[in-house]
Amino acid sequence: MSGWIMNRKHRSIGIMGGTFDPIHYGHLVTAEAARGQFGLEQVLFLPSGTPPHKDPTHVTETKHRYTMTVLATLTNPYFEVSRVDIDRRGRTYTYDTLRILQQLYGEHTQLYFITGADAILEIVGWKNSESLLDMAEFIAATRPGFCLGEHQGRIQDWFASRKKRLNVLEVPAMAISSTDIRERVSKRESIRYLVPETVEYYIRKNGLYSQDVQNTAGAHE
Ligand code: ATP
Ligand code: MG
């Protein structure tokens with residue numbers, strides 16, 4: 001076998017990080033579109049532990065966010081949920097996550113880091129963001145309300161000197177956010193068709209996002 005063939009990446013794995021508080025169809029549609037467009041063998045959903053960008057006191061307990069992510073992804077044979085961010089102590093950074101996954105999957109796996117347009121705009125401020133770009137290909141999905149347009153030049157410039165690329169992915173417009181779902185639940189409005197039914201039932205059964213303070217406790221994480 002020639003060196004050229006041996007050096008090629010054999011498989012591609014998508015990584016979709018998020019708070020998933022709760023997971024919704026915007027996440028699922030984006031992951032499925034990325035899988036199809038980039039020929040991903042698998043998409044790993046990574047619920048966050050204590051997210052560095054969000055006030056931990058306002059994030060639902062990890063066990064609930066993890067369980068909802070499992071429920072939502074159950075029926076898709078290409079989707080898996082990873083505890084890699086949950087099981088690490090302290091704040092987790094995407095740089096460390098990608099390093100761990102790279103070691104886990106080995107050099108012949110190409111990682112694709114999938115984000116929405118809003119998240120890619122934030123990445124510039126992350127720890128080790130330059131090195132981050134050498135570790136994975138990036139997929140930025142369009143998201144209503146977050147236009148890459150005027151920023152696209154800046155982001156592409158930023159990627160220009162790196163080994164990896166930024167791939168823009170058009171997904172069917174899904175103006176769904178976890179923030180909106182939490183608000184709807186707290187106002188007793190319907191979230192039907194915004195999240196999978198199992199997730200809707202889980203939220204109801206556990207009284208999530210109602211005014212019950214027991215369910216939002218960063219201190220327990
Ligand atoms: P919140 O409102 O709490 O911030 P969220 O809906 O943005 O929640 P996150 O868990 O923060 O969900 O997002 C995880 C990833 O999914 C991010 O990269 C985000 O940009 C992306 N994402 C979330 N919703 C959508 C959507 N409707 N379309 C495309 N990408 C999305
Ligand atoms: Mg968000």
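Trainee: Which residue in S4 is the bridge partner of Ile 15?

Mentor: Keep in mind that we're looking at a predicted model. Strands S1 (11-18) and S4 (109-116) pair up in it, running parallel over 6 bridges. In that pairing, the residue of S4 that partners Ile 15 is Phe 113.

Trainee: And which residue in S2 stands opposite Ile 13?

Mentor: Here the partner strand is S2, residues 42-47. S1 and S2 run parallel and are joined by 6 bridges. Opposite Ile 13 you'll find Gln 42.

Trainee: Okay, on to the loop between S1 and H2. Which peptide bond is cis, and what is its omega?

Mentor: Pro 22 sits in that loop, between S1 and H2. Phe 20 is there too, and its phi is positive, near 50°, although the residue isn't glycine. The cis bond is the one from Asp 21 to Pro 22, with omega near 5°.

Trainee: Now the ligand. How many residues surround ligand 1?

Mentor: Start with the closest ones: His 24, Asp 118, Met 174, Ser 178 and Thr 179. Sorted by class, the shell has 5 nonpolar, 13 polar and 4 charged residues. The full count around ligand 1 is 22 residues.

Trainee: How far is a polar side-chain atom of Thr 179 from an oxygen atom of ligand 1?

Mentor: Let's use a cut-off of 3.5 Å between N or O atoms for a polar contact. His 27 passes with a side-chain N or O atom 2.9 Å from a ligand oxygen, and Arg 143 passes with a polar side-chain atom at 3.0 Å. For Thr 179, the distance to an oxygen of ligand 1 is 2.4 Å.

Trainee: How much of the area that ligand 1 exposes when taken alone does the protein bury?

Mentor: On its own, ligand 1 exposes 600 Å². Elements that give two or more residues to its shell are S1, helix H2 (25-38), S4, helix H5 (117-123) and helix H8 (178-186). With the protein around it, the buried part of that area is 90%.

Trainee: There's also the second largest pocket. How much space lies in it?

Mentor: A quick word on the idea: rolling a probe the size of a water molecule over the atoms shows where empty space is left. For the second largest pocket, that space comes to about 300 Å³.

Trainee: Which residues lining the second largest pocket are closest to its centre?

Mentor: The lining has 14 residues. By class, they split into 4 nonpolar, 5 polar and 5 charged. Closest to the centre are Val 185, Arg 188, Glu 189, Ile 203 and Arg 204.

Trainee: Last one: which element gives the most to that lining?

Mentor: Two helices, H8 and H9 (197-205), each supply at least two residues of the lining of the second largest pocket. The biggest contribution is 3 residues, and it comes from H9.

How values were computed: Residues are numbered from 1 along each chain as its sequence is written. Chains are lettered from A and ligands numbered from 1 in the order in which they are written. This is a predicted model: local features need pLDDT of at least 70, side-chain atom pairs count only at pLDDT 80 or more; totals for chains, interfaces and linings use all residues. Side-chain values use heavy atoms; hydrogens and water are left out. A residue is near a molecule or strand if one of its heavy atoms lies within 4 Å of it. A polar contact is a pair of N or O atoms within 3.5 Å; within protein, one must be able to donate a hydrogen and the other to accept it, and residues adjacent in sequence count only if both atoms are side-chain atoms. Accessible areas come from the Shrake-Rupley method with a 1.4 Å probe; for residues, only the protein chains shown count as cover. Helices (H or I, at least four residues) and strands (E, at least two) are DSSP runs, numbered from the N terminus. Ala, Val, Leu, Ile, Met, Phe, Trp, Tyr, Cys and Pro count as nonpolar, Asp, Glu, Lys and Arg as charged, and the others, Gly among them, as polar. On a 1 Å grid over the protein atoms alone, a cavity is a set of points where a 1.4 Å probe fits but cannot get out, and a pocket is an open set with protein on both sides within 12 Å along at least five of seven lines; lining residues have an atom within 4 Å of a point. Grid points are joined across faces, edges and corners, and a volume is the space filled by probe spheres set on the points. Two strands pair if DSSP finds at least two bridges between them.
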